[in-house]
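I opened the file to look up the sheet, the helices on it, the aromatic rings and the backbone oddities. My entries follow in the order of looking.

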Amino acid sequence: MRILLVEDDKVLADALVRALAQAAYTVDAIDTGELADVALAQHPYDLAILDIGLPGISGLEVLRRLRARKSLVPILLLTAFDTLQDRVKGLDLGADDYLAKPFDLPELEARVRALLRRGAQATPDIEYGDLRFDTVARRLYHRDQPIDLSARELALIELMFLRVGRVVSKEHITNQLYGWGDDVAPNAVEVLVYRVRKKLESFGCEIKTIRGMGYLIERPNEPGAD
């Protein structure tokens with residue numbers, strides 16, 4: 001899942017990026033409304049966390065422009081001004097949720113999980129045979145036993161599980177799992193897929209390479225799937 005964070009407080013932004021990255025999300029962080037408007041117009045995001053009090057274009061104006069483009073990306077608004085008028089205006093412009101500063105990180109993370117589940121129309125658990133990906137705990141289990149995986153490995157598994165039966169291109173994986181500031185080697189996706197493939201194959205889940213197209217996990221009841 002890829003998240004856009006728009007926050008001009010560098011200390012808060014850095015803390016949020018670290019927390020969300022540890023939860024296996026890919027985060028792009030920017031600090032102005034102008035950059036946010038461009039990013040949301042040009043890149044697909046699963047969620048945007050948008051501060052209202054931004055320099056230049058305000059967060060509310062960014063939100064207004066986003067909804068005017070008919071974009072349905074979920075928006076979590078952040079603000080230091082928790083007044084009824086602010087909440088009503090933000091929600092009327094199309095925000096999906098609202099969080100006033102100061103806030104606790106666990107509350108923000110819970111709201112992020114709820115919005116992502118709502119946006120993906122997903123249940124808290126994604127199952128594949130005896131494997132279960134818990135989107136709340138951000139863990140993968142085999143028959144209720146946790147499997148040790150890195151944050152990026154978990155992000156790839158979630159991406160593939162949400163698209164079981166469909167080919168996922170290398171470009172899409174790169175866009176979803178790596179942020180703007182990441183130094184991505186030319187073979188980064190191939191190496192990541194190889195690591196995850198080796199870890200999943202003993203559990204009856206195979207990531208197939210579809211030459212020239214991408215990667216595929218077949219549905220469990222399809223021919224050739226375990």
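Entry 1, strand pairing. I began with strand 1 (residues 2–6), which runs parallel to strand 2 and is joined to it by five bridges. I looked up one partner: Arg 2 is bridged to Thr 26 in strand 2. The model is predicted, and I keep that in mind for every value below.

Entry 2, the whole sheet. I then traced the strand order and found an open sheet of five strands, 2-1-3-4-5, with parallel pairing. Which strands stand at the edges? They are strand 2 and strand 5; each has a single partner strand, so one side of each has no neighbour in the sheet. I also looked up the twist: on average, neighbouring strands are turned by 15° against each other, direction ignored.

Entry 3, helices on the sheet. I found helix 2 (residues 33–42) lying across strand 1, strand 2 and strand 3 (47–51). Its direction is at about 160° to strand 1. Helix 3 (residues 59–68) also packs on the sheet, where it touches strand 3 and strand 4 (75–79). I noted about 165° between the directions of helix 3 and strand 4.

Entry 4, aromatic rings. I searched the whole structure for aromatic pairs and got one. It consists of Tyr 128 and Phe 161, with 5.8 Å centre to centre and 25° between the planes. I list the pair as stacked because planes under 30 degrees apart count as such. Where in the chain do Tyr 128 and Phe 161 sit? Tyr 128 is in strand 6 (residues 125–128) and Phe 161 is in helix 6 (residues 151–161), 33 residues apart, so I record a link between distant parts of the chain. I checked exposure too: Tyr 128 and Phe 161 are both buried.

Entry 5, a cis peptide. I found a cis peptide bond between Lys 101 and Pro 102, with omega about -5°. I placed Pro 102 in the loop between strand 5 (97–100) and helix 5 (105–120).

Entry 6, positive phi. I looked for positive phi in residues other than glycine and noted Ala 24, with phi near 75°. Ala 24 belongs to the loop between helix 1 (10–22) and strand 2 (26–30). I also noted Asp 144, which is not a glycine and has a phi of about 70°. Asp 144 is in the loop between strand 8 (139–142) and strand 9 (145–146).

Entry 7, exposure of these two. Is Ala 24 buried or exposed? I count Ala 24 as buried because its relative accessibility is 4%. Asp 144 has a relative accessible area of 54%, so I list Asp 144 as exposed.

Definitions and conventions. Residues are numbered from 1 along each chain as its sequence is written. This is a predicted model: local features need pLDDT of at least 70, side-chain atom pairs count only at pLDDT 80 or more; totals for chains, interfaces and linings use all residues. Side-chain values use heavy atoms; hydrogens and water are left out. Rings of Phe, Tyr and Trp (its six-membered ring) pair if their centres lie within 6.5 Å; planes under 30 degrees apart count as stacked, over 60 as edge-to-face and the rest as tilted. Helices (H or I, at least four residues) and strands (E, at least two) are DSSP runs, numbered from the N terminus. Buried means under 20% relative accessible area, exposed over 50%, partly exposed in between (1.4 Å probe, protein chains only). Two strands pair if DSSP finds at least two bridges between them. Axes are lines fitted to C-alpha atoms, for helices over the stretch in contact, and angles run from 0 to 180 degrees between N-to-C directions. Contact means heavy atoms within 4.5 Å.
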